[in-house]
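Q: I have a structure open and want to learn to read its features one by one. Where do we begin?

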Amino acid sequence: MGFWSVVLFTLLTCASVSISDPSDEACLTHFTQSLKDPTNSLQNWTKSNFANPCSGFTSYLPGATCNNGRIYKLSLTNLSLQGSISPYLANCTNLQSLDLSSNQITGPIPADLQSLVNLAVLNLSSNRLDGEIPPQITMCAYLNVIDLHDNFLSGQIPQQLGLLVRLSAFDVSNNKLSGPIPVSLGNRSGNLPRFNATSFLGNKDLYGYPLPPMKTKGLSVLAIVGIGLGSGFASLVLSFTGVCIWLKATEQKMTLEDGKISQLMPDY
């Protein structure tokens with residue numbers, strides 16, 4: 001075999017070997033360290049696999065999808081996962097879809113996710129996440145889906161989310177959000193997809209279009225009418241009782257006076 005044949009063979013052999021990306025390895029390592037897996041659903045998520053998680057389009061990690069040797073999709077839904085979301089998840093810079101829905105993950109949404117500039121789908125719904133929605137995720141300009149329903153998120157909806165012109169699905173229902181719904185989300189203009197009230201329901205202190213007007217914290221009209229009728233009836237009863245007592249007292253007084261007059265009258 002000639003020299004150039006050896007060189008060519010070496011190059012082809014190297015090209016067929018998947019070279020792990022150090023960012024993906026750090027991402028996966030810290031990501032699993034921050035999670036608890038009571039059902040052992042991630043038993044193949046081991047350190048040896050983190051060093052080489054992909055071979056082209058093939059993934060060695062259940063729930064992970066590869067594209068050209070990089071992790072580009074994580075779908076770990078309904079696995080009873082606990083723990084928190086590691087900020088190091090931002091090291092998976094080729095990630096386009098992150099779905100951790102229907103678990104028991106707690107803690108905040110890391111602002112570091114802003115580094116996932118290719119992210120199109122963010123689904124963290126049906127967990128126990130708390131804290132505020134980080135406005136930094138607006139840096140993920142390709143976001144099409146933000147689904148955060150059924151958590152314990154608080155604070156206001158960031159105005160900046162309205163700048164995501166590709167956003168076609170948005171759901172923050174059933175959280176603890178408060179304040180006004182940004183007009184850029186609640187009443188989008190032009191050809192931008194619009195979101196109806198179901199995207200915002202279940203947040204007691206959240207208000208603004210497209211939610212229906214908030215109920216006044218004072219007494220309702222029916223309650224006021226009821227109180228008025230009740231008060232009127234009570235006044236009528238009291239008045240009637242007072243009249244009866246007055247008549248009875250007057251009658252007794254007249255009886256006594258008649259008795260006195262009859263005693264003064266002479267007998268014939």
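Q: Along β12, which side chains point to one face and which to the other?
A: Keep in mind that this is a predicted model. The general idea comes first. In a regular strand the side chains alternate between the two faces of the sheet. Now the case here. L153 and G155 point to one face of β12 and are buried. F152 and S154 point to the other face and are not buried.

Q: Which strands does β12 pair with, and in what sense?
A: Look at each side in turn. Strand β10 (residues 128-132) runs parallel to β12 (residues 152-155), and 3 bridges join them. Strand β14 (residues 176-180) also pairs with β12 in the parallel sense, over 2 bridges.

Q: What stands opposite S154 in β14?
A: K176 of β14 stands opposite S154. Toward β10, S154 is the bridge partner of E132. S154 belongs to the face of β12 whose side chains are not buried.

Q: What is the order of the strands in the open sheet?
A: Read the sheet from one edge to the other. The order is β8-β10-β12-β14-β15, with parallel pairing. That makes an open sheet of 5 strands. β8 (106-107) and β15 (205-207) stand at the edges. Each has a single partner strand, so one side of each is left without a neighbour in the sheet.

Q: Now the cysteines. How many disulfides does the structure hold?
A: The structure holds 2 disulfides. Take the bonded cysteines in sequence order and number them. The pairing is then 1-4, 2-3.

Q: What does the disulfide of C27 tie together?
A: Start with the bond, then place its ends. C27 is joined to C92, with S to S at 2.0 Å. C27 lies in helix α2 (residues 22-33), and C92 lies in the loop between β6 (82-83) and β7 (97-99). The pair therefore ties together parts that are 65 residues apart in sequence.

Q: Is the disulfide of C27 and C92 left-handed or right-handed?
A: Go by the torsion about the S-S bond. For C27 and C92 that torsion is about -100°, so the disulfide is left-handed.

Q: Are C27 and C92 buried or exposed?
A: Check the relative accessible area of each. C27 is buried, at 0%. C92 is buried too, at 0%.

Q: Which parts of the chain does the disulfide of C54 and C66 link?
A: Follow the same steps. The S to S distance for C54 and C66 is 1.9 Å. C54 sits in strand β2 (residues 54-55) and C66 in strand β4 (residues 64-67), 12 residues apart. The torsion about their S-S bond is about -75°, so this disulfide is left-handed. C54 counts as buried at 1% relative accessibility. C66 is buried as well, with a relative accessible area of 3%.

Q: Is C140 buried or exposed?
A: C140 is buried, with a relative accessible area of 1%.

Q: Turn to the aromatics. How many aromatic pairs does the structure hold?
A: The structure holds 4 aromatic pairs. A pair of aromatic rings is described by the distance of the centres and the angle of the planes. One of the pairs is F170 with F195. Their ring centres are 5.8 Å apart and their planes at 40°, so the pair is tilted. F170 is in strand β13 (residues 169-171), and F195 is in the loop between α4 (183-186) and β15, 25 residues apart. F170 counts as buried at 4% relative accessibility. F195 is buried, at 6%.

Q: How far apart are the ring centres of F170 and F200?
A: Those centres are 6.0 Å apart, and the planes stand at 50°, so this pair is tilted. F200 lies in the loop between α4 and β15 and F170 in strand β13, so the pair ties together parts that are 30 residues apart in sequence. Both F170 and F200 are buried.

Q: Which residues form one aromatic cluster?
A: F31, W45 and F50 form one aromatic cluster.

Q: Last, the pocket. How many residues line the largest pocket, and which lie nearest its centre?
A: Ask for the volume, then the lining. The largest pocket holds about 180 Å³ of space. Its lining has 11 residues, and N203, K204, L206, L211 and P212 lie nearest the centre. By class, the lining of the largest pocket has 7 nonpolar, 2 polar and 2 charged residues.

Conventions. Residues are numbered from 1 along each chain as its sequence is written. This is a predicted model: local features need pLDDT of at least 70, side-chain atom pairs count only at pLDDT 80 or more; totals for chains, interfaces and linings use all residues. Side-chain values use heavy atoms; hydrogens and water are left out. Two strands pair if DSSP finds at least two bridges between them. Helices (H or I, at least four residues) and strands (E, at least two) are DSSP runs, numbered from the N terminus. A disulfide is a pair of cysteine sulfur atoms within 2.5 Å. Buried means under 20% relative accessible area, exposed over 50%, partly exposed in between (1.4 Å probe, protein chains only). On a 1 Å grid over the protein atoms alone, a cavity is a set of points where a 1.4 Å probe fits but cannot get out, and a pocket is an open set with protein on both sides within 12 Å along at least five of seven lines; lining residues have an atom within 4 Å of a point. Grid points are joined across faces, edges and corners, and a volume is the space filled by probe spheres set on the points. Ala, Val, Leu, Ile, Met, Phe, Trp, Tyr, Cys and Pro count as nonpolar, Asp, Glu, Lys and Arg as charged, and the others, Gly among them, as polar. Rings of Phe, Tyr and Trp (its six-membered ring) pair if their centres lie within 6.5 Å; planes under 30 degrees apart count as stacked, over 60 as edge-to-face and the rest as tilted.
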